[in-house]
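Dear colleague,

I am passing on the structure we spoke about, and my notes on it follow below. Please read them with the coordinates open beside you.

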Amino acid sequence: MRKINTDLIEEKIYKMALSAGVNLTPSCIDAMHKALKSETGLAAEFALKTLIDNSEIAVKEHMPVCQDTGMAVVILEIGQNVFFEGKPLKKAVNDGVRRAYADGFFRKSVCDPITRINSGDNTPAVLHTEITDGDDLKITFMPKGFGSENMSKLYMLKPAQGVEGIINAIVDTVKQAGSRPCPPVYVGVGIGGTFDSCAYLAKKALTRDVGTNNDRAEIAEIENEALKRINNLNIGSQGFHGNTTALGVSCEYAPTHIAGLPVAVNIQCHCVRCVKEIL
């Protein structure tokens, strides 16, 4: 049995949140540079260059890379041999977020869904936990902006719609979103499971490096075909038309019921921010 004091988790979340608010992921930056080299539309090329310049200024000046510093999404993959001591785990996570958003001068965007009264410190975080083998604790921190989150969709497809139905759902979601989620977007997709677990799969897909494929060949084919069709939409960077509407499509899957085919499409803007640590 391995003991981990939750004060350590608070400190990790604090540092991860500060980093994520300022830095795009290396895979996102690489994907934008790749897109810039192949872009033929002058306006889209200008938009891509501006996005890249913005990301560099954010790092240099240590400023938020986007005005929407997001709702904090935290995934804890907890080894079954880990024992937590100290304050409650949820409190440790929220304390880390609270401190980081204050010290980083990040916008506080969390509010009550009915009264719309702001919590004032960007808490509570959205916390997901998974139990895994071993005695490690893997922490994933992802700030999720809502310009893109609002464009996401959940489909309860008929099983007969199959692979083509899945790809159509992905592409149609991006097509309907147009320029609103600040393209080029990163598309996370959940396939299978249930109404609720499918959406989590889509969210978790966004924590993968941009440009990677699922290990399962059939799923990788869906990713590649969906990306191809999305980039043929000619929406382009910031809606200026061009070759790159999406930087990548990542799919995660789970077994589902014989009567259903849930598909969740979670849109992420070009501002891919995700930090991972293992304790």
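Strand β9 (residues 261–268) is largely enclosed by the rest of the structure, because eight of its eight residues are buried; please bear in mind throughout that this is a predicted model. The cover extends to both faces of β9, with Leu-261, Val-263, Val-265 and Ile-267 buried on one side and Pro-262, Ala-264, Asn-266 and Gln-268 buried on the other.

β9 is paired with strand β6, in the antiparallel sense and over five bridges, and within this pairing Leu-157 stands opposite Leu-261 of β9. β9 also runs antiparallel to strand β7, to which six bridges join it. Among the residue pairs that make up this second contact, Tyr-186 has Gln-268 of β9 as its bridge partner, while Ile-191 is matched with Val-263 of β9.

Strand β7 (residues 185–193) deserves a similar description, since nine of its nine residues are buried and the strand is therefore largely enclosed by the rest of the structure. Besides its antiparallel contact with β9, β7 pairs with strand β8 (residues 246–256), here in the parallel sense and over nine bridges; one of the partners is Ala-246 in β8, which is bridged to Val-185.

Strand β6 (residues 153–157) includes Met-156, and this residue counts as exposed because its relative accessible area is 51%, where the cut-off for that class is over 50%. Together with Leu-154 and Phe-195, Met-156 makes a nonpolar surface patch of about 310 Å².

Turning from the strands to a helix, what do the ends of α2 (residues 26–38) say about its length? At 1.5 Å a residue, the 13 residues of α2 should span 18 Å, and the C-alpha atoms at its ends are 19 Å apart, which agrees with that expectation. In α2, the residues Ser-27, Cys-28, Ala-31, Met-32 and Ala-35 are buried. They cover an arc of only 135° around the axis, which means that they lie on the same side of α2. Pro-26, Asp-30, Lys-34 and Lys-37, by contrast, are exposed on the other side of the helix.

When you go through the model, I would suggest looking at β9 together with its antiparallel partners β6 and β7, and then at the two sides of α2, the buried one and the exposed one.

With best regards

How values were computed
Residues are numbered from 1 along each chain as its sequence is written. This is a predicted model: local features need pLDDT of at least 70, side-chain atom pairs count only at pLDDT 80 or more; totals for chains, interfaces and linings use all residues. Side-chain values use heavy atoms; hydrogens and water are left out. Patches are made of residues with over 30% relative accessible area and no salt bridge: like charges are joined within 9 Å, nonpolar side chains (Val, Leu, Ile, Met, Phe, Trp, Tyr) within 5 Å. Accessible areas come from the Shrake-Rupley method with a 1.4 Å probe; for residues, only the protein chains shown count as cover. A salt bridge is a side-chain nitrogen of Lys or Arg within 4 Å of a carboxyl oxygen of Asp or Glu. Helices (H or I, at least four residues) and strands (E, at least two) are DSSP runs, numbered from the N terminus. Buried means under 20% relative accessible area, exposed over 50%, partly exposed in between (1.4 Å probe, protein chains only). Two strands pair if DSSP finds at least two bridges between them. The expected span of a helix is 1.5 Å times one less than its number of residues. The arc is that of the directions from the helix axis to the C-beta atoms.
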